[in-house]
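User: I am new to this structure and should like to understand the reasons behind the terms applied to it. Please explain them step by step.

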Amino acid sequence: QHSVTLRNGVDLDNFSSGDRAAARAALGLRRFTLLSVGSLIRRKGHHIAIQALANLPDCDLLIAGSGPLRNKLQHLAVRAGVADRVRYLGEVRHAALADIYRAADVMVVASDREGWANVLLEAMACGTPVVATDVKGPPQVRRGPQAGVLMGAPTPAALIEALEQLRRN
């Protein structure tokens, strides 16, 4: 007998490439924009993206999600001097995420552990490249370099290095 692993799928009627310019205009995006999606908990690594932003002066960051760390993340952004470049979108309806993925230049998943992350699948289905920590699930999702870059560790320095590689490509 053979076993078959069935992975999560993505609704390609909703999560697909679309009008990127319209999606960017709707969110008022004018600069290179990183997106981090997930509950505002430490494991999701939103703090890594905020810290990295201090050394990415031409970038902005969107964070979609809600959770107990919102105030701490906001204070971190102030301390890092990037509060004016971080926008918290709060809880976003699942169907509405497609336009946010399309609007972003890169989806960041800086988790310290992650399974088969739907946000990676959804972003890639919308044509948005990903930068994700090289832990368990993301390497299986990001099958090739055209889909994005894996970072060796969930650190601001590794994220910056991965973003530089992505932008060179």
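Analyst: Let us begin with helix α2. In this predicted model, 7 of the 8 residues of α2 are buried, so the helix is largely enclosed by the rest of the structure.

User: Which residues of α2 are called buried, and what does the word require?

Analyst: A residue is buried when its relative accessible area is under 20%. In α2, His46, His47, Ile48, Ala49, Ile50, Ala52 and Leu53 meet that condition. The elements that cover these residues include β1, β2, α3, β3 and α7.

User: What makes strand β2 an enclosed strand?

Analyst: 6 of the 6 residues of β2, residues 59-64, are buried, so this strand too is largely enclosed by the rest of the structure. Both faces are covered: Cys59, Leu61 and Ile63 are buried on one side, and Asp60, Leu62 and Ala64 are buried on the other.

User: How do you know that β2 pairs with β1 and with β3?

Analyst: Two strands pair if there are at least two bridges between them. Strands β1 and β2 have 6 bridges, in the parallel sense, and β2 and β3 have 4, also parallel. Both pairs therefore satisfy the definition. Among the individual partners, Thr33 is bridged to Asp60 of β2, and Leu62 is bridged to Arg87 of β3. Ile63 stands opposite Tyr88 in β3.

User: Why is the connection from β1 to β2 called right-handed?

Analyst: The term applies if, with the strands pointing away from the viewer, the path from the first strand over the helix to the second runs clockwise. The chain passes from β1 through α2, residues 46-53, to β2, and this β-α-β crossover is right-handed. A right-handed β-α-β unit is also made by β2, helix α3 and β3.

User: What makes the side chains of β3 alternate?

Analyst: In a regular strand the side chains alternate between the two faces of the sheet. In β3, Val86, Tyr88 and Gly90 point to one face and are buried, whereas Arg87 and Leu89 point to the other and are not buried.

User: How is the lining of the largest pocket made up?

Analyst: The largest pocket holds about 160 Å³ of space. Its lining has 13 residues, and those closest to the centre are Val37, Gly38, Val92, Leu97 and Val119. The lining divides into 5 nonpolar, 6 polar and 2 charged residues; Gly counts as polar in this scheme. Helix α5, residues 118-125, gives the largest share of the lining, with 3 residues.

Conventions. Residues numbered from 1 in each chain as written. Predicted model: local features only at pLDDT ≥ 70, side-chain atom pairs only at ≥ 80, totals over all residues. Heavy atoms only, no water. 1 Å grid on protein atoms, 1.4 Å probe; cavity = no way out; pocket = protein on both sides within 12 Å on 5 of 7 lines; lining within 4 Å. Points joined across faces, edges and corners; volume = space filled by probe spheres on them. Helix = DSSP H or I, 4+ residues; strand = E, 2+ residues; numbered from the N terminus. Buried < 20%, exposed > 50% of the residue type's maximum accessible area, 1.4 Å probe, protein only. Contact = heavy atoms within 4.5 Å.
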